[in-house]
Amino acid sequence: MVDRIADFTQDLPSRRVSPIGQSSEAGRIADEFLAAPPEQGAALSMLMERVDRAADLAVESGSAGMLAAIPGGGLYSSALAEFYSRALNRFGGFASSAPGLTAMEDGVLRWIAQDVCGMPVGSAGVLTTGGSSANLSAVLAARRSRLGENIERGCVYVTAQAHHSVAKAARIAGIRNANIRVVPHTGDLRMDVPAAEAAVQQDRRAGLHPFLLVGTAGTTNTGAIDPLRQVGELARREELWFHVDAAYGGFFRLTRRGRGLMSGIESADSITLDPHKSLFLPFGTGALVVRDPARLAAAYADPDDLGVDGRPYLQDVRPYWRLPDYSGLSPELSREVRGLRLWLPLHLHGVAAFREALDEKLDLAARLHERLCDLPGLEVSAPPTLSIVTFRVRPADASETAQAAADKATRALLDRINADGRVLIHSTTIEGRQAIRICILTHRTHADLVERAVEIMTAAL
Ligand SMILES: *Cc1c(COP(=O)(O)O)cnc(C)c1O
């Protein structure tokens, strides 16, 4: 299996990004895999052939040409670390059951909280399965900290550019849909802070209980970064929990440019980052870091010690030194040790390798933006903040008819670009208009791919 993985990894940069399969083939493969397991086992090689056919019938998320959604690099060293970690199969829910490995995980989280995000000493967090579950934990911590059990009047503030997982988290946390406020953004798609302030004050006057303000550091749509310093100051003035969703953008803080762009993030109460995005890890790793880990623990604790948590069989488990028990910082009990998948790549390649790769992505996006501005007939958005570039077919004039025609032409252009198969690009909607959105984020995407993408787009025009 390791040989197969090595071959796959070697071929990956040149693999076609969109699946080649016909829909009839997809149906057949799906039927095959829906069947129940047989009574008697079969040969590994035959089974792996089948697995590979299914794997080929998928978007190649880590290919150089993957420019849709937020690409997932799938760093090989992290996959190997995970393989090793799974084989060791240590229990990661309590520090006492694997103290060294818990310290490894805590060390990585302290680095993310303190070194990457600039939060104070004492801040740390938990590795989650992704940004959505990190956002959920943040909302739960904010709710417990600011509302206790009186959640009926609790209000959350986001912009329309915030990731949908934030509103989803608020709903899961029992916040009424009517109390999830979408505050206006300015023309550059960043939070309009005075408008947010007005909304908070209006809700307070109406007897509601504003408790959570969410800023985004790198929106999924365009990479815009909310004015975090002002958002944080508003949160402090109004005694709101300040959460920053930096799932996509957070690790750009490793670069000098990213550090400047995200200044103010360090004043957050909690921050979501996604190592499976901007640290190029395989899918399944998010992170939530918090200023005060006790607040996160409180979200999951039984405040009245009712004794209803029914765990007498855990009575021998003791806290271990000052290491966190991750089962107390998340809804999970049994869980794998998650730290090695981050610790090994960071120590093996060094932080500078990640910083350079992220700097390269910023350069590539700027380069792509420049090249697109040279192409005729396109309306290209402002230079990218991070590594997302958006553009559309230029409308003939400002009339609604011309705008609608440009929307249609934009979608048709995208279909022609994707028909080539070497790149995969998705569309989006920006302020109600269709746009083509390119996100550069795999560690395999380099300058040659950007040139190839420009060639493909030029031919498709
Ligand atoms: C991707 C993303 C999320 C969701 O993270 P998952 O890891 O996909 O669950 C949340 N917020 C932002 C800004 C994102 O880009």
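Biologist: Which side chain has an N or O atom 2.9 Å from an oxygen atom of the ligand?

Modeller: That is Thr220, in this predicted model. The pair counts as a polar contact because 2.9 Å falls within the 3.5 Å limit for N or O atoms.

Biologist: What makes Asp274 a polar contact of the ligand?

Modeller: A polar atom in the side chain of Asp274 sits 2.6 Å from a ligand oxygen, and the cut-off is 3.5 Å. The backbone takes part too: a polar backbone atom of Gly131 is 2.7 Å from an oxygen atom of the ligand. Gly131 and Asp274 are among the closest of the 15 residues around the ligand.

Biologist: Let's turn to the helices. Why is α5 called roughly perpendicular to α13?

Modeller: Their axes cross at roughly 65°, and angles from 65 to 115 degrees count as roughly perpendicular, so α5 earns that description against α13. The axes come within 9 Å, and the crossing is left-handed.

Biologist: What makes up the contact of α5 with α13, by class?

Modeller: Met104, Val108 and Trp111 of α5 meet Leu340, Leu342, Trp343 and Leu346 of α13. Met, Val, Trp and Leu are on the nonpolar list, so the count is 7 nonpolar, no polar and no charged.

Biologist: And how do you know that α13 is roughly perpendicular to α14?

Modeller: The angle is about 90°, which lies between 65 and 115 degrees, so the term applies here as well. These axes are 5 Å apart. Pro345, Leu346 and His349 of α13 touch Val351, Ala353 and Phe354 of α14, giving 5 nonpolar, 1 polar and no charged residues.

Note on methods
Residues are numbered from 1 along each chain as its sequence is written. This is a predicted model: local features need pLDDT of at least 70, side-chain atom pairs count only at pLDDT 80 or more; totals for chains, interfaces and linings use all residues. Side-chain values use heavy atoms; hydrogens and water are left out. Axes are lines fitted to C-alpha atoms, for helices over the stretch in contact, and angles run from 0 to 180 degrees between N-to-C directions. Helices (H or I, at least four residues) and strands (E, at least two) are DSSP runs, numbered from the N terminus. Angles under 35 degrees count as roughly parallel, over 145 as roughly antiparallel, 65 to 115 as roughly perpendicular and the rest as oblique. A crossing is left-handed if the near helix is turned anticlockwise from the far one by less than a right angle, and right-handed if clockwise. Contact means heavy atoms within 4.5 Å. A residue is near a molecule or strand if one of its heavy atoms lies within 4 Å of it. A polar contact is a pair of N or O atoms within 3.5 Å; within protein, one must be able to donate a hydrogen and the other to accept it, and residues adjacent in sequence count only if both atoms are side-chain atoms.
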